[in-house]
Each structure stands twice: as C-alpha cells, then as structure tokens.
Amino acid sequence: MIAKKIETANVDSSNVFLRKLWGAIASASQFGWQYMPYTDKRQKIVDIGRNNLGHFYFTYKKRGTIDTLYVDECRKEDLVESLIDKALMFQEEKEYAVEMYFDVKTYPLIATSHYNNISVKSEEKKVVFCIPIKAYSSLDLEYIAYQRALSLSSLLFVYTHINYGMPSITLLNEMEAGNKPTTDSDYNYEWYDADECPQSERGEIVLPKEFLMLIEQITENFFLDDFTTSIVNASQLIYNSINLYDASRNLKNMPMQGLYDIINTVVISSLEALASTNKIESKKCPCCGQEVYSVVQNVYSIAEKYLDEPIASDIKNRIYRNRSKYLHEGKSSGGLYRYKWSYPLIKPHINPNDKNFMILGYGAPEYNLIDYCMYITRMIVCDYYNHL
C-alpha cells in the first residue's frame, strides 16, 4: 500500500492536485477506470475507485481537502509514487490556443469580432471561435475544451436563435497576440424572433461585446462564479429544450401526450436558473423568522422586469402553473383524447378557472416562451457587464 501526505488547503488546491495526478497517470499509460466515488463521513474517507494500478482513496480533515492519499492493492508502487510526486511538484498551467469551429451549410455566418484573446471569424462555410484554455496536461485540456464547447453551443443558440450543434475542436501551436476590443454600439438588443437577429450589411450575424466577455469569463476559470453558472445553466436548459423538440419531430408512432409539457417545463426552468441573478426583497416568516423564498415570485419578478406586464402575467398565471401541475400532479396541458379533425370539448369544471377553456388533443410547445427566455438571458448578461 502507498500512503502519501498531500495536505491540500482547500477545494481549489485539492482539484488542482487531482487534475495534475490524473494527467500524469494518463500520460504514463492507458488505464481502465472503475470510477465509483463514495464518501464515508464517519471515517472521513473518500473512495475514488480502481484502475489497473490499484485502489485509490484519500482521507480528509475538513471537507474539500485531501490529507493523505492511499493506493491499495498497488501493482506498480514505484511508478505510482513517481506520478504522485510529479503531481505534487509546483507546475503552472500552460496556455493553449483552441479553435472551435461549426460547419455552416444553410445557416448564416457570424461577423468577425474579438475581445482580448477571444475571437470569432467566418471562413469557407465555417464559423470559428478561437479561445485560450489553461490546462496541466493533454487530458486536462481535452476535458476543459469539451466542457467549454458545451457552454459555447448553448450560448450561441441563445444569441443567434440558430442551432449550430457541437463544434469540432482543434489545437493551435501558440496564442495570437491580444486583439483590441470589438465595438458594438449599434447592436439592437430588442429582438425576439430568429429573423430579427442583428446582422451586418453582409448578412452576417452580429454578436454583442458582452457575449465574448462572457466566453472569456468561462474560458479563464475552471469553476465558474454564481452569475456565470446561472447564465450557462439557463442557456443549456433552453438549448436542450429545442434539441428535444427537434428530436420529437423525428419520432414515429410516438404519442406526444406529455412530451410537449416536458419541453415547456425545461424552458420555463431556465427562468429559475436565472432567478439567482435577480435580487428581490425577501420577507420574514412571522412565526419562525426565516426568510420566505418564493420561486414563482422571483420568476415573475424577472419576467416583469424585462417583458411587458401581460406577458409576465401569462408566464406566472398560466405557463408556470401548467409546469407545476405537470411536475407535481402529472397533469398534462392537453387531454387524453384522440382527435383527427375537430373534436371540441370543454374542460370539466374541476377548477372554476378552467370552465371557459377548450380541451386540446395534446399540448403544444410554447414557441414564444423560448424567445422570451432567450431575450431575458441576453438582457441580464448585458445589464451585468454594463454595470461592472
């Protein structure tokens, strides 16, 4: 058995050590992992899992730290000890230039723009983003680049209303010199539909400066701050909803009952992800004195801030209510009824508020809601960076 003192000070230093160790192990050889993390809080042991070298686990004195790393049933002790020592050595991250390019066939290209070392250009029916990524090893770089590509895809959809898909990733030899910030004083933020997306005189989509500022924030940090996390999470929910809708149209002989409710639920949940960026005055419970947190009120507050009042009210009183009914009661917005031509039925008077509504054969995607949620996301990012 190997027992090696690591003694990290916090979560960040623990993760840096693990990133360097995994990179060192990967560079030594290809090992199959049975990654099955488990925490024994009583004994303060975190079991990582096994690979061809042995069984890895560590102890901690306080949560998020690594006190001693153990490798049990070790098959190559000299090699493992050298890899651990290598991970413990001081090592600065190397900065890599990474190109992420999207194949563009029928979609519009994106106008060239840049902010510091973040740039986007279009060439030969491709949209190319060049971003810097700091990593400790090729494995580390591969992991981070993939995560950043996921974020870029979802954010790009929010800012273009176009599903470009996942980009291909290419490494460059060196970073280009920093560019001057792009200017976007004429960017029109008041757009919802895809055909309203701001374009240049050449018909290329224009991205605002804060989009590149957001990408820079994502690429510079291994773990994101609360604001950036909220924006990325909201964008991914919106992006996943449109991917789910596109996939549903290719499903043959599958009843749509409930599926559109799932899609609408994913979309409206993006506003919950954004709720943490919206600070509203909280109320105290008169009985216990604890803060009363209303998700519905916070979602409504965001919608009301950036949208017209009738739209915000519709989100609160109808769309969000339908979401709650589906999640908590399993009630679909449509009815369990087959219809081919027209088959009108009035909703049963279980709820007095429903007595004037007709039953639909099955629900439908809230197309406008996707536009509204993307608009709110863009405006929150704009306000955030303009107030820094």
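**Exercise 1. Work out which residues of α7 meet which residues of α9, and how the two helices are set against each other.**

Step 1: start with the residues. Ile302, Ala303 and Tyr306 in α7 meet Tyr375, Ile376, Met379, Ile380 and Asp383 in α9. Contact here means heavy atoms within 4.5 Å. Helices are DSSP runs of H or I with at least four residues, strands are E runs of at least two, and both are numbered from the N terminus.

Step 2: sort the residues by character. The contact of α7 with α9 divides into seven nonpolar, no polar and one charged. For this count, Ala, Val, Leu, Ile, Met, Phe, Trp, Tyr, Cys and Pro are nonpolar, Asp, Glu, Lys and Arg are charged, and the others, Gly among them, are polar.

Step 3: get the angle. The axes of α7 (residues 295-306) and α9 come within 10 Å and cross at roughly 80 degrees. Axes are lines fitted to C-alpha atoms, for helices over the stretch in contact, and angles run from 0 to 180 degrees between N-to-C directions. Angles under 35 degrees count as roughly parallel, over 145 as roughly antiparallel, 65 to 115 as roughly perpendicular and the rest as oblique. So α7 and α9 are roughly perpendicular to each other.

A word on the model: it is predicted, so local features need pLDDT of at least 70 and side-chain atom pairs count only at pLDDT 80 or more, while totals for chains, interfaces and linings use all residues. Residues are numbered from 1 along each chain as its sequence is written, and side-chain values use heavy atoms, with hydrogens and water left out.

**Exercise 2. Find the residues that touch the most other members of the largest nonpolar core.**

Step 1: know what you're looking for. A nonpolar core is a set of buried Ala, Val, Leu, Ile, Met, Phe, Trp, Tyr and Cys residues joined through side-chain atoms within 4.5 Å. Buried means under 20% relative accessible area, exposed over 50%, and partly exposed in between, with a 1.4 Å probe and protein chains only.

Step 2: pick them out. The largest core has 73 residues, and Phe129, Phe211, Ile315 and Ile376 touch the most other members. Helix α9 (residues 367-386) gives the most to this core, with eleven residues.

Step 3: zoom in on Phe211. Leaving aside its neighbours within four places in sequence, Phe211 is in contact with Phe129, Leu152, Leu155, Leu156 and Tyr159. Apart from the largest core lies another one, of 21 residues, including Ile6, Leu53, Phe56 and Phe58.

**Exercise 3. Trace the open sheet that contains β7 and β10, and the helix lying across β9.**

Step 1: lay out the strands. The order is β7-β8-β9-β6-β10, with antiparallel pairing. Two strands pair if DSSP finds at least two bridges between them. At the edges are β7 (113-115) and β10 (168-171), each pairing on one side only. From one strand to the next, the twist averages 25 degrees.

Step 2: follow the hairpins. β7 and β8 pair over three bridges, and Ser113 has Val120 as its bridge partner in β8. Two residues separate β7 from β8 in their hairpin, and Asn116 in the turn has a positive phi of about 50 degrees. Next, five bridges join β8 (residues 118-123) to β9 (residues 126-135). Val120 turns up again here, with Phe129 as its bridge partner in β9, and Lys121 stands opposite Val128. The β8-β9 hairpin also has two residues between its strands, and Glu124 in the turn has a positive phi of about 50 degrees.

Step 3: add the helix. α3 (residues 138-160) lies across β6 (94-103), β9 and β10, running at about 135 degrees to β9.

**Exercise 4. Do the same for the open sheet that contains β1 and β2.**

Step 1: the order is β1-β5-β4-β3-β2, again antiparallel. β1 and β2 (34-40) each have a single partner strand, so one side of each is left without a neighbour in the sheet. The twist averages 15 degrees from one strand to the next.

Step 2: check the pairs.
- β1 (residues 2-5) and β5 (residues 68-72) pair over four bridges; Lys5 partners Thr68.
- β4 (residues 54-59) and β5 pair over five bridges; Tyr57 stands opposite Tyr70.
- β2 and β3 (residues 45-51) are joined by five bridges; Gln34 stands opposite Arg50.

Step 3: place α2 (residues 77-88), which packs on the sheet, touching β1 and β5, with its direction at about 15 degrees to that of β1.
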